[in-house]
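Here are a few exercises to work through with the model open beside you. Try each task before you read its solution.

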Amino acid sequence: MSAPASGALGRVTDAVDRIREAEHAAVLLGGAVGLLAAFLHWGGFVLAGALIGLASRSLTRAVAFALAFGVLAWLLFAASLLRSGVFGAYLGMGQLTLLSVAVPVGLPILGAIAVRGVY
Amino acid sequence: MSSTTRRRVLAALAAAGVGGVATQRDLVGVAAPFSGRAFDGFGATGPDTVENPYGPATVSYDDYGVPHVEADDERALYFAAGYTQARDRLFGMDLVRRQMRGELSAVFGERTVESDRFHRKMDFTAAAAATWEGLRGTAVEAPVRALARGINRYLDLAPALPLEFRLLGYEPDEWTPVDTALVAKAIAWGLTGTFWDLERAVIEESLGEAALDLYPDAYEHDYPIVRPGVHDWPAEEGGDGTEAYTDGRESPSIPRELVDWLREVAGGPSGATGSNNWIVSGEHTETGGPLLANDPHLTLQVPPVWYEMHLRGPGMDVRGAAFPGAPLIVIGQNRGVAWGITNVGGDVLDCYTYDTRAGGREYRYDGEWRPVQSRTETIDVSGGENREVSIEKTVHGPLIEREGRRVGVAWVGLAATREPLAVYRYNRASGIDEFREGLRVFDIPGQNTVYIDREGRTMYYPAAKYPIREVDGEDVPGNRIFDGSAGEGEWRGFTPYGESTWEGFVDFGEIPHLIDPGYVATANQRVVDGYEHYLGDAEYMGDPYRATRIYERLDGAVDAGEIDTAFMKDLQNDRHSVHADVWVPQVVAARGKTSGQAREYVDLLAEWDRGMRADSEAALVYSVWAEAFRDAVLRDEFAAADLDSEYYPGEDWPIQQLDPDSRWFDDADTGGTERRADAVARAMETTVERIETEGWETYGDRHRLAIEHPFPLEFLDYPDRPAGGSANTVFNLGADGATGSSWRMIASFDGPSYSVIPGGNSGRYVSEHYDDQLDMWLDGEYKEMSFEIPEGTDIEFVAGEDAGGSS
């Protein structure tokens, strides 16, 4: 829990505390919003991590949720490629393949840590 | 450090990490799941039903991704063909036209600026526009227009552009008929755009005229295409094909920087390009029907140069290899005729120097001073500073310049040429007379065209426009630089960037040719002995290694009788080295000058059957030795003249013909006088060192397929494989592993025809046909080239709202 605060910062902190009271729902919602955003821009993965970090009760939990989100996001992506019959071709793309794994797994974790450092 | 502080530091690091990623946003933007450009529409090929303004058509892909396109209307057919080409090969098509337009830098940045500068200076685009203008009103106009519309329909409907566009982040322009003409110019340039005249001048100036014995006017050998005593062509009196073309005139000084620049940017034919084809009449075959084999040797690339298609429309049913971006089967077969081509190597490019004044803005010509036509264009450079380029022309053609020296260039392909019309006629020909009507308008690049038909007729015709140069009323060779101001050697009837009347060119009927030969083989060797006109010297035409092997085997098979398609395939995959037949006895003769491992290698070669097989140790030794020997013979003299190995003779044949005591075998770096045997032995010592250093055990360890995509992304390249063959064997694969047989075809009318390409028919990385023929090609296997349309329709074209509309 954060220390008591006053003024605008206090109101934000109170809001964050309330969000964290419903941690699982908030993490799910944050992940969903981030995932939707990721369809438009890779920054969605950072956003997902940030929202997950915001909703998590501790840094450790934030990292764990962000990691889970990243793995799930990549699995969703892989499933779409499997469905299109191009998963084998995707696996052969070398650095692009590695990067396409690193982005959904790594960026949410960075986003989560960055936010947990502030709130 | 408190937990809060630690958390804040961690957060700062994480934020920095995100910031770091943001600096690589282009890369991340490419590879991110869901939004990444690399995966946008990954695998999607477009709709199954497409509106066609010209009427219905169908496309059915076979087991190798070859589209079988069928329509009752000619324009509907070519519209569908264009759509299909774009679907499978769009990026390659765009790359070719960008290169020829001089627009690569707009996408690739600084590294292609000089290429763009050269291509703009040559103004290939204007030549293509003139060609298209000349084709308007001919039978090929409608197919070219329909093809362009089909390509553009794909651009409109494609769910996503091919991967290459998405990685580079640009969209292609609309396709136009001029772009199709540009594709034709690209092919012609790739086979005939050589500045040997300038290189020859540099060599002569640097090494002295005596060095030209390494660059003979013609190679001495017994296997020209048209063989004395075998073929019925009237030879001129006294000629044996090796007459001296040089006329003793001194070449003007040419800055080496100009030649080096052209080597880097011009992209003309490389020394390794060549081709094989041969035909056998029914008189010598098992079935009594004629047979044809063809394998053109070009740069092997991803995707392949050729795109296989089957087009069935009104009055036409043709299958074979096409260039993406053009609607025609360039090598192939229809229901009545089959044809194949190899490059003649005709000299169809000349260079001129001029007297100039007014700071080069005027040049003297025909007794008066004329202004150099000039305009300025801007080369757009992605991520760099745009460049201006000055495009200058004389009556002969464009001016190119380096180190203050300007040279005028005339190239047959700069005129309005008609080869698309020629190939259109090939596609529709039903017999020899109709096919000849195509040959008659085949202007460039000169091709050794071989022909067979269902009626049993055969033909060889190297149709093209070959310029005749005259100086003081005398025929002169074109392998030197002419005085443009004096009008020396200029081609009568040639108009660059316009319609030519071609009076000063070899008349079609006078081009050496054979009607109904029993058999004939072409492998880029000289066409004929004793011909009255100069067609090109030995640096333009090929060595006799492959031709010798093909003719020797054909001679034997004809004597034995009953040639069949199995023999044709076997010969097309022949890895025997005639190059080694010539050299190995000389290596063995030098055995006494070797010792240790070098002597063991000599003994290995003595026992070798001279097959360039991937699993052969002897082939490895021979290939390394041949390279070392070439260097041992030439490097000292060339290095002393500050000429690198790019200036070595294009072929080894002239070195093989040197006297054993020739001065070329002497090593200038020693005090003694070396002879051929010394150079042979020294090269074998080098071979031992090289093989030991590299750790090679067999030829395939060294000689490997290296067929790459233009992008530096490894996954787009074809897989690496140990490979047999060489640049000198019928089964053709150059030392670089990236030049060789770009299409193999065996055509028959009495049984199946066969074909294979080195890779796959699709340029789409995700396609199962991206490289599905590569191993077949390497193993000498073929697929049937059937005229049966596969069951099921992959793309159905339905009459659109503007069906029958204008083009």
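**Exercise 1.** How many bridges join β4(B) to strand β5 of chain B, and do the two run parallel or antiparallel?

Before the solution, some ground rules: this is a predicted model, in which local features need pLDDT of at least 70 and side-chain atom pairs count only at pLDDT 80 or more, while totals for chains, interfaces and linings use all residues. Residues are numbered from 1 along each chain as its sequence is written, chains are lettered from A and ligands numbered from 1 in the order in which they are written, and side-chain values use heavy atoms, leaving out hydrogens and water.

*Solution.*
- Strands here are DSSP runs (E, at least two residues; helices are H or I, at least four), numbered from the N terminus, and two strands pair if DSSP finds at least two bridges between them.
- β4(B) and β5(B) (residues 291–299) are antiparallel and joined by 7 bridges; Ile279(B) has Leu292(B) as its bridge partner there.
- Strand β24 of chain B (residues 519–522) is also antiparallel to β4(B), with 4 bridges, and Asn277(B) is partnered by Thr522(B).

**Exercise 2.** Are the residues on the faces of β4(B) buried or exposed?

*Solution.*
- Buried means under 20% relative accessible area, exposed over 50%, and partly exposed in between (1.4 Å probe, protein chains only).
- In a regular strand, side chains alternate between the two faces of the sheet.
- One side of β4(B) holds Gly274(B), Asn276(B), Trp278(B) and Val280(B), the other Ser275(B), Asn277(B) and Ile279(B), and all are buried.
- Because 7 of the 7 residues of β4(B) (residues 274–280) are buried, the strand is largely enclosed by the rest of the structure.

**Exercise 3.** Glu199(B) forms a salt bridge with which residue? Then compare its burial with that of its partner.

*Solution.*
- A salt bridge is a side-chain nitrogen of Lys or Arg within 4 Å of a carboxyl oxygen of Asp or Glu.
- The partner of Glu199(B) is Arg263(B), with the closest N and O atoms 3.4 Å apart.
- The pair links distant parts of the chain, 64 residues apart: Glu199(B) sits in helix α10 (residues 196–207) and Arg263(B) in helix α11 (residues 256–265) of chain B.
- Glu199(B) is buried at 16% relative accessible area, whereas Arg263(B) is partly exposed at 27%.
- For another pair, take Asp529(B) and Arg526(B), whose closest N and O atoms are 2.6 Å apart; Asp529(B) is buried at 11% and Arg526(B) is buried at 8%.
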